[in-house]
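Here are some short exercises to work through with the structure open beside you. Try each task before you read its solution.

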Amino acid sequence: MTEQTNDNTTNEYKGFSLFNDTEDSDLRNRNRAVVLANIADSTSKAKKISPNGMGLILGYFSKIDKTERKDVMSRFVTTMQERGYVLTTA
């Protein structure tokens, strides 16, 4: 699908699907978390996400409806941990 200008109907962010047309919220948020993890993987070296990758992740995340962000974030963290990434606070 092509990107539309209205944020409520946008189904892509820089070519990455937002799955807004997927009715099942569980599947939609799982897919979003996987896309975020794939962005991280493709823009990282030695399990460290590049600044460009972080910009893509934040931009994609900002296009997700606010009511679904917490679920997507939780799934994203879990997926990243399963892939061997470590969450640090510093």
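**Exercise 1.** Decide how methionine 54 should be classed: buried, partly exposed or exposed.

*Solution.*
Step 1. Keep in mind that this is a predicted model, and look up the relative accessible area of methionine 54, which is 35%.
Step 2. Recall the cut-offs: buried is under 20%, exposed is over 50%, and partly exposed is in between.
Step 3. The value of 35% makes methionine 54 partly exposed.
Step 4. Now place the residue: methionine 54 is part of helix α2, which covers residues 51-62.
Step 5. For a sense of its surroundings, find serine 44, 10 residues away along the chain; the C-alpha atoms of methionine 54 and serine 44 are 9.5 Å apart.

**Exercise 2.** Describe the chain as a whole: which elements does it have, and in what pattern do they follow each other?

*Solution.*
Step 1. Count the elements: the chain has 3 helices and 4 strands.
Step 2. Walk along the sequence and write down each element, which gives β-β-α-β-β-α-α.
Step 3. Turn to burial: the chain has 90 residues, and 36% of them count as buried.
Step 4. Look at the surface: about 6,000 Å² is exposed, with 53% of it supplied by carbon and sulfur atoms.
Step 5. Finally, consider contacts with a separation of 6 or more: 54% of them join residues 24 or more positions apart.

**Exercise 3.** Compare two residues in helices: is arginine 28 buried or exposed, and is lysine 70 buried or exposed?

*Solution.*
Step 1. Arginine 28 sits in helix α1, residues 25-42.
Step 2. Its relative accessibility is 11%, so arginine 28 counts as buried, given that the cut-off for buried is under 20%.
Step 3. List its contacts, leaving out residues up to four places away in sequence: arginine 28 touches Leu18, Phe19, Asn20, Thr22, Glu23 and Glu68.
Step 4. Lysine 70 belongs to helix α3.
Step 5. Lysine 70 has a relative accessibility of 74%, so it counts as exposed.
Step 6. Lysine 70 and asparagine 29 are 41 residues apart along the chain, and their C-alpha atoms are separated by 9.9 Å.

**Exercise 4.** Work out how α1 is oriented relative to α2, and find which residues make the contact.

*Solution.*
Step 1. Remember what is needed: two packed helices are described by the angle between their axes and the distance between the axes.
Step 2. The axes of α1 and α2 come within 9 Å and cross at roughly 165 degrees.
Step 3. Because of this angle, α1 is roughly antiparallel to α2; the cut-off for that class is over 145 degrees.
Step 4. The contact involves Arg32, Val35, Leu36, Ile39 and Ala40 from α1, together with Gly53, Leu56, Ile57, Tyr60 and Phe61 from α2.
Step 5. Sort the residues of this contact by class: 8 are nonpolar, 1 is polar and 1 is charged.

**Exercise 5.** Do the same for α1 and α3: what is their orientation to each other?

*Solution.*
Step 1. The axes of α1 and α3 come within 8 Å, crossing at roughly 50 degrees.
Step 2. The two helices, α1 and α3, are therefore oblique to each other.
Step 3. The crossing of α1 past α3 is right-handed.
Step 4. On the α1 side, the contact residues are Asp26, Asn29, Arg30, Arg32, Ala33, Leu36, Ala37 and Ala40, and on the α3 side they are Asp71, Val72, Arg75, Phe76, Thr79 and Met80.
Step 5. By class, the contact of α1 with α3 has 7 nonpolar, 2 polar and 5 charged residues.

**Exercise 6.** Examine the backbone at phenylalanine 19 and lysine 47: what is phi at phenylalanine 19, and what is phi at lysine 47?

*Solution.*
Step 1. Start from the usual case: most residues other than glycine have a negative phi.
Step 2. Phenylalanine 19 has a positive phi, near 60 degrees.
Step 3. Phenylalanine 19 lies in the loop between β2 (16-17) and α1.
Step 4. For lysine 47, phi is positive and near 60 degrees.
Step 5. Lysine 47 lies in the loop between β3 (44-45) and β4 (48-49).
Step 6. With a relative accessibility of 43%, lysine 47 counts as partly exposed.

Key. Residues numbered from 1 in each chain as written. Predicted model: local features only at pLDDT ≥ 70, side-chain atom pairs only at ≥ 80, totals over all residues. Heavy atoms only, no water. Buried < 20%, exposed > 50% of the residue type's maximum accessible area, 1.4 Å probe, protein only. Contact = heavy atoms within 4.5 Å. Areas by Shrake-Rupley, 256 points an atom, 1.4 Å probe, with all protein chains shown as cover. Axes fitted to C-alpha atoms, helices over the stretch in contact; angles between N-to-C directions. Parallel < 35°, antiparallel > 145°, perpendicular 65-115°, else oblique. Nonpolar A, V, L, I, M, F, W, Y, C, P; charged D, E, K, R; others polar. Left-handed = near helix turned anticlockwise from the far one by under 90°.
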